[in-house]
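User: Please take me through this structure in short questions and answers. I want the cut-offs stated along the way.

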Amino acid sequence: MEQEAEKSGYEIQGKAGTVKIADDVVAMIAALAATEVDGVAAMAGNLTNELLSRVGVRGLSRGAKVDVSGRKVKVELAITVEYGYNIPATCQRIQTKVKGAIENMTGLEVLDVNIRIAGINVTKEK
């Protein structure tokens, strides 16, 4: 009933038709869920994403990469953490939030949510 779509998505065959979910949508769900966790300053992007955002092209899935295989998905996130937050506890909350969001919204099974801390956000308060 479900099958992998052409290279970059997931396809669900239903009674009324077909639903295709692009990998970028799953990555966007992961990125948005991660940024909702207290202690996450931002998603960290690669150099290409940084350059594109400066010229006006903004990728909402920046810092998130997903690998969808069949009904299973592996997520890799690169984040910037706010200074003063406990990194292991924050990452555990991110993993729980991302897993729940993807599974509830897409029906896919999340196998892994791997997190790379790309930086610490230190803001001076006046």
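Analyst: A salt bridge here is a side-chain nitrogen of Lys or Arg within 4 Å of a carboxyl oxygen of Asp or Glu. The model is predicted, so local features need pLDDT of at least 70 and side-chain atom pairs count only at pLDDT 80 or more, while totals for chains, interfaces and linings use all residues. Residues are numbered from 1 along each chain as its sequence is written, and side-chain values use heavy atoms, with hydrogens and water left out.

User: How many salt bridges does this rule give?

Analyst: In general, side chains of opposite charge can pair when their charged atoms come close. Among the pairs that pass are E11 with K20 and E36 with K97. The count under the rule is four.

User: What is the N to O distance between E11 and K20?

Analyst: E11 stands opposite K20 of strand β3; strands are DSSP E runs of at least two residues and helices are H or I runs of at least four, numbered from the N terminus. E11 is buried because its relative accessibility is 11%, whereas K20 is exposed at 57%. Buried means under 20% relative accessible area, exposed over 50% and partly exposed in between, with a 1.4 Å probe and protein chains only. The two side chains meet in a salt bridge with an N to O distance of 3.9 Å.

User: Which residue in the turn of the β2 and β3 hairpin has a positive phi?

Analyst: Strands β2 and β3 pair in the antiparallel sense over five bridges, where pairing requires that DSSP find at least two bridges between the strands. Four residues lie between the two strands of this hairpin. The turn residue with a positive phi, about 155°, is G17.

User: How many residues apart are E36 and K97?

Analyst: The closest N and O atoms of the E36 and K97 salt bridge are 3.0 Å apart. This pair links distant parts of the chain, with E36 in the loop between α1 and β4 and K97 in helix α3, and the separation is 61 residues.

User: Is E36 buried or exposed?

Analyst: The partner of E36, K97, is partly exposed, because its relative accessibility is 37%. E36 has 55%, which means that E36 counts as exposed.

User: Which residue forms a salt bridge with E103?

Analyst: The two residues of this pair are four apart in helix α3, so about one helical turn separates them. E103 is partly exposed, with a relative accessible area of 26%. The closest N and O atoms are 2.9 Å apart, and the partner is K99.

User: How far apart are the end C-alpha atoms of helix α1?

Analyst: The expected span of a helix is 1.5 Å times one less than its number of residues. Helix α1 has 13 residues (23-35), so it should span 18 Å, and the distance between its end C-alpha atoms agrees, at 19 Å.

User: How far apart are the C-alpha atoms of A31 and V98?

Analyst: A31 lies in helix α1 and counts as buried because its relative accessibility is 2%. The buried residues of α1 are covered by elements including β2, β3, β4, β5, β6 and α3, contact meaning heavy atoms within 4.5 Å. A31 and V98 are 67 residues apart along the chain, and their C-alpha atoms are separated by 7.9 Å.

User: Which residue is the bridge partner of A64 in β6?

Analyst: In strand β5, the side chains of A64, V66 and V68 point to one face and are buried, while K65, D67 and S69 point to the other and are not. Strands β5 and β6 pair in the antiparallel sense over six bridges. In β6, A64 has as its bridge partner L77.

User: What is the accessible area of the nonpolar patch formed by Y83, I87, I117, I120 and V122?

Analyst: Patches join residues with over 30% relative accessible area and no salt bridge: like charges within 9 Å, nonpolar side chains (Val, Leu, Ile, Met, Phe, Trp, Tyr) within 5 Å. Areas come from the Shrake-Rupley method with a 1.4 Å probe, and for residues only the protein chains shown count as cover. One member, I120, sits in strand β7 and is partly exposed, because its relative accessibility is 42%. Together the patch residues have an accessible area of about 480 Å².

User: What percentage of the 126 residues count as buried?

Analyst: The chain has three helices and seven strands, and its accessible surface comes to about 8,200 Å². Of the 126 residues, the buried share is 33%.
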